[in-house]
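Colleague: I've got the model open on my screen. Could you walk me through how you back up the words you use for it?

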Amino acid sequence: MTDTDSFRQETRDWLETNCPESMRQPYRNEADACWGGRNYKFQSEDQKNWLDRMAAKGWTVPTWPVEYGGGGLNSEQAKILKQELNRIKARKPLESFGISMLGPPLLKFGSEELKQQHLPAIARGEIRWVQGYSEPNAGSDLASLQMRADDMGDHFIVNGSKVWTSYGNLGDWMFCLVRTDFEAKKHEGISFVMFDMTSEGVSTRPIKLISGKSPFTETLLENTRVEKNQVIGEINKGWTIAKYLLTHEREMIAGSGIAASGSLPLSKVATNAMGTDNGILRNSFIRADIARFEIDERCLELTIERARDEVKAGVSLGAVASMFKYYGTELNKRRNELQMSISGQDALVWDGETSRDGYLPKAWLRSKGNSIEGGTSEIQLNIVAKRILGLPG
Ligand SMILES: Cc1cc2nc3c(=O)[nH]c(=O)nc-3n(C[C@H](O)[C@H](O)[C@H](O)COP(=O)(O)OP(=O)(O)OC[C@H]3O[C@@H](n4cnc5c(N)ncnc54)[C@H](O)[C@@H]3O)c2cc1C
């Protein structure tokens, strides 16, 4: 048996013993996703056990170093782990902006103290992080941000507002871009800071959405003290870190184009909903659309996998993340359109008795935001045009 084979066997055995049966079922609704954090209420004992066991093994962040709560796996082992999780249709043990957004820049640019303070807590799902980038007049043109951090020696006093903070009211800590030099060119006066959302002067206000829910808040800071030891990298050099984080955010959002582990493939959803003739989906138009969709989905998955291997070999992801983000979010919108076409009356239910009532139309409406969050499609196309195709700006 090769090392790879024995790792696969050990992984399979471990998952068989440790992944509860109820964590091998598709999500019934958004509430089944585990976000962790100080105030998180677990849906079940199984959900908590699944998170705790995966975290103890370092497998909520399989490729992070062991000393920061990771599994220390190489890319081959991480791929095997992913395949084995998919094989048993395991749910993700933890959804986390700490993992998908903050972790990579903290690993690359953070001091040893900051890594020790934050990374293990992220890996264990103890702290829920939120993103403070956008402001009322700084979205696509993010570098125009105006949240003001005045230097008070060992700390800053911060004033201003952020907007579109996803889950701002549920966050424990925020990673945030602030202006620390008011005279410099706009990209050169920004710092990347972190603070506890329970700090004095921090408040949030909900923003209502067309999908009927409000995952967003405005986040207001009024004379909030932020310690200087919570700056990642150098003061006034936060733009580099902000951009690096965005490549990871964009790659994460691109993943919305690929069916989540534990969810049914669209072809199966369609055959369940519409029935078959001799094993073939009845509606030939939908059949063709689904076939095209599933081929495109598989191509995206393989292309992202190839790019990840290149990153592990030292190639920077950079502008390619914009290409993935654009394509992945378009795919997710296509999936949701198809789900609505397939689902007949279920697609018309908005509120009702069971937890899945209203899930489809709300997910469909939510998918429209995919091509805005993390930078709009137009901005991604601009980046692809300039930095990949080399077209004039
Ligand atoms: C679901 C969702 C979740 C989000 N979560 C967060 C979060 O957690 N934290 C956070 O900080 N922000 C978050 N955002 C905000 C998001 O990053 C911004 O909405 C986004 O960057 C666009 O900024 P804007 O809304 O100000 O639009 P604008 O920048 O005002 O853009 C308006 C329109 O103009 C177009 N446009 C602008 N500039 C150009 C250009 N140069 N070339 C071509 N077209 C252009 C845009 O494509 C868009 O169509 C979230 C947004 C959504 C939808």
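**Contacts, cores and a helix**

Modeller: Sure, and keep in mind that the model is predicted. Start with Phe175, which touches Phe97, Met101, Leu102, Trp129, Val130, Gln131, Gly132, Tyr133, Phe192, Val193, Met194 and Leu245, leaving aside residues up to four places away in sequence.

Colleague: What makes those count as touching Phe175?

Modeller: Contact means heavy atoms within 4.5 Å, so each residue on that list meets the cut-off.

Colleague: Which residues touch the most other members of the largest nonpolar core?

Modeller: Leu102, Tyr133, Phe175, Phe192 and Met194, out of 38 residues in that core. Helices H4, H5 and H6 and strands S4 and S5 each give two or more residues to this core. There's also a second, separate core of 17 residues, including Ala270 and Ile290.

Colleague: How do you know that the span of H3 is close to the expected one?

Modeller: H3 has 13 residues and reaches 18 Å from first C-alpha to last, against 18 Å expected at 1.5 Å a residue.

Colleague: Why do you say the buried residues of H3 line one face of the helix?

Modeller: Ala78, Ile80, Leu81, Glu84 and Leu85 are the buried ones. Looking down the axis of H3, they fall within an arc of 160°, so they line one face. The buried residues of H3 pack against helices H1 and H2.

Colleague: What makes the pairing of Asn74 with Glu76 at the start of H3 a polar contact?

Modeller: A side-chain oxygen of Asn74 comes within 3.1 Å of the backbone nitrogen of Glu76. The cut-off for such N or O pairs is 3.5 Å, so this one qualifies.

Methods:
Residues are numbered from 1 along each chain as its sequence is written. This is a predicted model: local features need pLDDT of at least 70, side-chain atom pairs count only at pLDDT 80 or more; totals for chains, interfaces and linings use all residues. Side-chain values use heavy atoms; hydrogens and water are left out. A nonpolar core is a set of buried Ala, Val, Leu, Ile, Met, Phe, Trp, Tyr and Cys residues joined through side-chain atoms within 4.5 Å. Buried means under 20% relative accessible area, exposed over 50%, partly exposed in between (1.4 Å probe, protein chains only). Helices (H or I, at least four residues) and strands (E, at least two) are DSSP runs, numbered from the N terminus. The expected span of a helix is 1.5 Å times one less than its number of residues. The arc is that of the directions from the helix axis to the C-beta atoms. A polar contact is a pair of N or O atoms within 3.5 Å; within protein, one must be able to donate a hydrogen and the other to accept it, and residues adjacent in sequence count only if both atoms are side-chain atoms.
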